[in-house]
Amino acid sequence: MRNLVAHKSCFLVLLLLLLFTSQFSSATKKTLNRDQPCKRFVLYFHDILFGGNDVANATSAAVANETGLGNFKFGKLFVFDDPMTKDKNYLSPAVARAQGFYFYDMKSDYNAWFAYTLVFNSTKLKGTLNIMGADIMAAQTRDLSIVGGTGDFFMARGITTFETDTFQGAKYFRLKMDIKLYECY
């Protein structure tokens, strides 16, 4: 009988603990509103592809050639260290650097997959934002995930919307990045 009372007491304590933790976790959940990010800003991503003789100006380079499967550069890999500006002018002061890679990942159309870090190191902002996702080039706009951050962007999560602002063949492209953070700490 004493064993039964002990088991019931243990069960009751566990049940109360479970109720308490579920109430606490539901009270701390944030409600996300798509229309009202906690932080939003626009930056321009400038990419100048290395062409063999422009070392001083190049900000990206192919490090693996396409596979020959299809006609859409499938498998070609690029690394980059691109300046991010507040306006469309490449010569404007960089507010961050985009450092990472992209590769063509579709055999039947132009499509790239990006993984990179925006590195901020200015008097106004310090820290990083980590971004990854598909760049479906045929679409007017494309959303990539912001999966974390450091410094002023500690644990940030959100979306960056790409829009091709200009494209000059294989030499240069500029993307408008509308950055919307929905979790800011």
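Colleague: How many salt bridges does the structure hold?
Modeller: This is a predicted model, and a salt bridge here needs a side-chain nitrogen of Lys or Arg within 4 Å of a carboxyl oxygen of Asp or Glu. Counted in that way, the salt bridges in the structure come to eight.

Colleague: Lysine 76 forms a salt bridge with which residue?
Modeller: The closest N and O atoms of the pair are 3.7 Å apart, and the cut-off for a salt bridge is 4 Å. Both residues sit in the loop between strand E2 (60-64) and E3, ten residues apart. The partner of lysine 76 is glutamate 66.

Colleague: Is lysine 76 buried or exposed?
Modeller: A residue is called buried when its relative accessible area is under 20%, and exposed when that area is over 50%. Glutamate 66, at 39% relative accessibility, therefore counts as partly exposed. Lysine 76 has a relative accessibility of 17%, so lysine 76 counts as buried.

Colleague: The side chains of aspartate 165 and lysine 88 meet in a salt bridge, so how many residues apart in sequence are the parts that the pair ties together?
Modeller: The N to O distance of this salt bridge is 3.4 Å. Aspartate 165 belongs to strand E8 (residues 157-168), whereas lysine 88 belongs to the loop between E3 and E4, so the parts tied together are separated in sequence by 77 residues.

Colleague: How do aspartate 165 and lysine 88 count in terms of accessibility, and what word describes each of them?
Modeller: Partly exposed is the class between under 20% and over 50% relative accessible area. Aspartate 165 has 26% relative accessibility, and lysine 88 has 44%. Aspartate 165 therefore counts as partly exposed, and lysine 88 also counts as partly exposed.

Colleague: Which strands hold arginine 157 and glutamate 183?
Modeller: The side chains of these two residues meet in a salt bridge, with 2.7 Å from N to O. The pair ties together parts that are 26 residues apart in sequence, because arginine 157 lies in strand E8 and glutamate 183 in strand E9.

Colleague: Which residues are joined into one network by salt bridges that share partners?
Modeller: When salt bridges share partners, their residues can be followed as one network. In this structure the network consists of Arg40, Asp178 and Lys180.

Colleague: Which residues of the largest nonpolar core touch the most other members?
Modeller: This core has 28 residues, and the strands that each supply at least two of them include E1 (39-48), E5 (112-121) and E9 (172-183). Leucine 129, a member of the core, touches residues including Phe41, Tyr116, Ile146 and Leu181, leaving aside residues up to four places away in sequence. The members that touch the most others are Phe45, Phe114, Tyr116, Leu118, Leu129, Met177 and Ile179.

Colleague: What distance separates the C-alpha atoms of valine 95 and methionine 84?
Modeller: Valine 95 is found in the loop between E3 and E4, and Met84 is among the residues that valine 95 touches, together with Leu43, Lys86, Phe120 and Asn121. Although the two residues are eleven apart along the chain, the separation of their C-alpha atoms is 5.9 Å.

Colleague: What pattern does the protein chain follow, read along the sequence?
Modeller: The secondary structure comes to one helix and nine strands. Read along the sequence, these elements give the pattern α-β-β-β-β-β-β-β-β-β.

Definitions and conventions
Residues numbered from 1 in each chain as written. Predicted model: local features only at pLDDT ≥ 70, side-chain atom pairs only at ≥ 80, totals over all residues. Heavy atoms only, no water. Core = buried A, V, L, I, M, F, W, Y, C linked by side-chain atoms within 4.5 Å. Buried < 20%, exposed > 50% of the residue type's maximum accessible area, 1.4 Å probe, protein only. Helix = DSSP H or I, 4+ residues; strand = E, 2+ residues; numbered from the N terminus. Contact = heavy atoms within 4.5 Å.
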